[in-house]
Each structure stands twice: as C-alpha cells, then as structure tokens.
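Take a look at the model below. The notes that follow walk through some of its loops, helix contacts and charged pairs.

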Amino acid sequence: GRSLYPFFPYVPQALAIALGRAFEAPPLALLYLARLGNVLAGTLMLALAVRWLPAYRWLAVMVALTPMALSLQGSASADVTSIGAGFLLAAGVARLAWGEQGSVRRGDLALLTASAAVLCASKTVYLPLALLPLLVPPDRFPRGKRAAFLLLHLSLSLAVTIWSILLARTAGTVRL
C-alpha cells in the first residue's frame, strides 16, 4: 500500500505557501515559494549540522552537495526535512561523543530529541537511528542524567513513530 507522511516534513513548504496566499499569489508562485521554503529550511539544517560536526566537515558538505541532495533541496519534497533532521541527529551525536565539549547541556539533549522525533515522525523506518545517542559516553552526562535522558529520548521517538503510523492508518493508506 501507499504511505502518508504526517505534517512535520511539510512545515517549511506550508509556511511559504501561507505567506504566498497572504499576498494572493497564483498557484505557480505558491509552488516556487514552497520550493524556496524547502531550500531555506534544508540549507539551514545542513549548515547547522556541518557546523556542529567535530570532524569530517568537508565530507558532510560533499554528501550534502551531491546531485540528488541538491535536486531534493530545490523541490517541494518531504525528504528535505528528513535529510536535515538526520544530519542534525548524526552531527549532534558526533559532537557530544567525540567533540571537545565537556559535559552534555540541556540544549544538546533537546536538539538530539527534537531531531530524532522529527526524523521518526517523517519516516518511520528511521526509528533505529534514535538509538544513536547511545554512542555518547556516559561520563559526558551529568551524574545520574543519562538514563533519564535516554528513556525520554527513546520514548518520544517511539511515540511519534507510532503516532505517524496511526495517522497514516487512520487515513486509510497503510495496511499493517
């Protein structure tokens, strides 16, 4: 059967279209605005991910600049949000696991959890990537906070994955 994406991956396009509708833009202009919203959101997420990487930044830039990635960036596809969230999750884990930063801060944990939630809600097959924070050494967490973070992080990732599946199933497009 077919699959239905939840609304998460379409937020950049929807915001751009809403802006265009406010100015009574014609349908073709709305499509181009949706594509522009995708380019801006995707570029921002990828630039932030590359900035956070402790090493191999040029490799990440090269992957982000492959023809397929660039083609998707300029489209109205939901994949742009998935790619950006995946890059942010991987870069955040790499930064915390192998970067020079000392202990993990709340903002770092929020970034990991938010990027994993968006990724899992966008494409349910990416749920195993929510396990990446297990690579962060225990001594990087404040005392006694690792287990609580991992429980919250994995619970939220699983919850949005289940929600996404139920949303698609309710729409009658997925047969489990």
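## The loop between α2 and α3

Ala55 is partly exposed, with a relative accessible area of 37%. This is a predicted model. Ala55 sits in the loop between α2 and α3. How far apart in space are Ala55 and Met45? Their C-alpha atoms are 17 Å apart, and 10 residues separate them in sequence.

Tyr56 belongs to the loop between α2 and α3 (57–64). Tyr56 counts as exposed, because its relative accessible area is 66% and the cut-off for exposed is over 50%. The backbone of Tyr56 deserves a look too. Its phi is near 60 degrees, a positive value in a residue other than glycine. Most residues other than glycine have a negative phi.

## Two more loops

Glu24 also has a positive phi, at about 55 degrees, and Glu24 is not a glycine. Where is the place of Glu24? It is in the loop between α1 (11–22) and α2 (27–52). Glu24 is exposed, at 72% relative accessibility.

Thr66 lies in the loop between α3 and α4 (67–73). Thr66 is partly exposed, at 32% relative accessibility. Thr66 and Gly86 are 20 residues apart in sequence. From C-alpha to C-alpha, Thr66 and Gly86 are 16 Å apart in space.

## Helix α2 against helix α5

Now to the helices. The axes of α2 and α5 are 8 Å apart, and the two helices pack at an angle of about 15 degrees. Angles under 35 degrees count as roughly parallel, so α2 and α5 are roughly parallel to each other. The crossing of α2 past α5 is left-handed.

Which residues in α2 meet α5? They are Asn38, Gly42, Met45, Leu46, Leu48, Ala49 and Trp52. On the α5 side, the partners are Val80, Thr81, Ile83, Gly84, Ala85, Phe87, Leu88, Ala91 and Arg95. By class, this contact of α2 with α5 holds 11 nonpolar, four polar and one charged residues. Met45 appears here in the contact, and Met45 is also the residue paired with Ala55 in the distance given above.

## Helix α6 against helix α7

A second helix pair follows. Helix α6 covers residues 106–122 and helix α7 covers residues 146–170. Their axes come within 8 Å and cross at roughly 20 degrees. That angle makes α6 roughly parallel to α7. The crossing of α6 past α7 is right-handed, whereas α2 passes α5 in a left-handed crossing.

From α6, the contact takes in Leu109, Leu112, Thr113, Ala116, Ala117, Cys120 and Ala121. From α7, the contact takes in Phe149, His153, Leu156, Ser157, Val160, Thr161 and Ser164. How many nonpolar, polar and charged residues are in the contact of α6 with α7? The split is nine nonpolar, five polar and no charged.

## Salt bridges

The count of salt bridges comes to three. One of them joins Lys123 to Asp79, with the closest N and O atoms 2.7 Å apart. Lys123 is in the loop between α6 and α7, and Asp79 is in helix α5 (residues 79–98), so this pair ties together parts that are 44 residues apart in sequence. Lys123 is partly exposed, with a relative accessible area of 22%.

Asp108 pairs with Arg95 in a salt bridge, and the closest N and O atoms are 3.3 Å apart. Asp108 lies in helix α6 and Arg95 in helix α5, so this pair ties together parts that are 13 residues apart in sequence. Is Asp108 buried or exposed? Asp108 counts as buried, at 7% relative accessibility.

## A shared partner

The side chains of Arg105 and Asp108 also meet in a salt bridge, at 3.8 Å from N to O. Arg105 counts as partly exposed, at 45% relative accessibility. Salt bridges that share partners join Arg95, Arg105 and Asp108 into one network. Arg95 has a further role in the picture: Arg95 is among the α5 residues that meet α2.

Conventions
Residues are numbered from 1 along each chain as its sequence is written. This is a predicted model: local features need pLDDT of at least 70, side-chain atom pairs count only at pLDDT 80 or more; totals for chains, interfaces and linings use all residues. Side-chain values use heavy atoms; hydrogens and water are left out. Axes are lines fitted to C-alpha atoms, for helices over the stretch in contact, and angles run from 0 to 180 degrees between N-to-C directions. Helices (H or I, at least four residues) and strands (E, at least two) are DSSP runs, numbered from the N terminus. Angles under 35 degrees count as roughly parallel, over 145 as roughly antiparallel, 65 to 115 as roughly perpendicular and the rest as oblique. A crossing is left-handed if the near helix is turned anticlockwise from the far one by less than a right angle, and right-handed if clockwise. Contact means heavy atoms within 4.5 Å. Ala, Val, Leu, Ile, Met, Phe, Trp, Tyr, Cys and Pro count as nonpolar, Asp, Glu, Lys and Arg as charged, and the others, Gly among them, as polar. A salt bridge is a side-chain nitrogen of Lys or Arg within 4 Å of a carboxyl oxygen of Asp or Glu. Buried means under 20% relative accessible area, exposed over 50%, partly exposed in between (1.4 Å probe, protein chains only).
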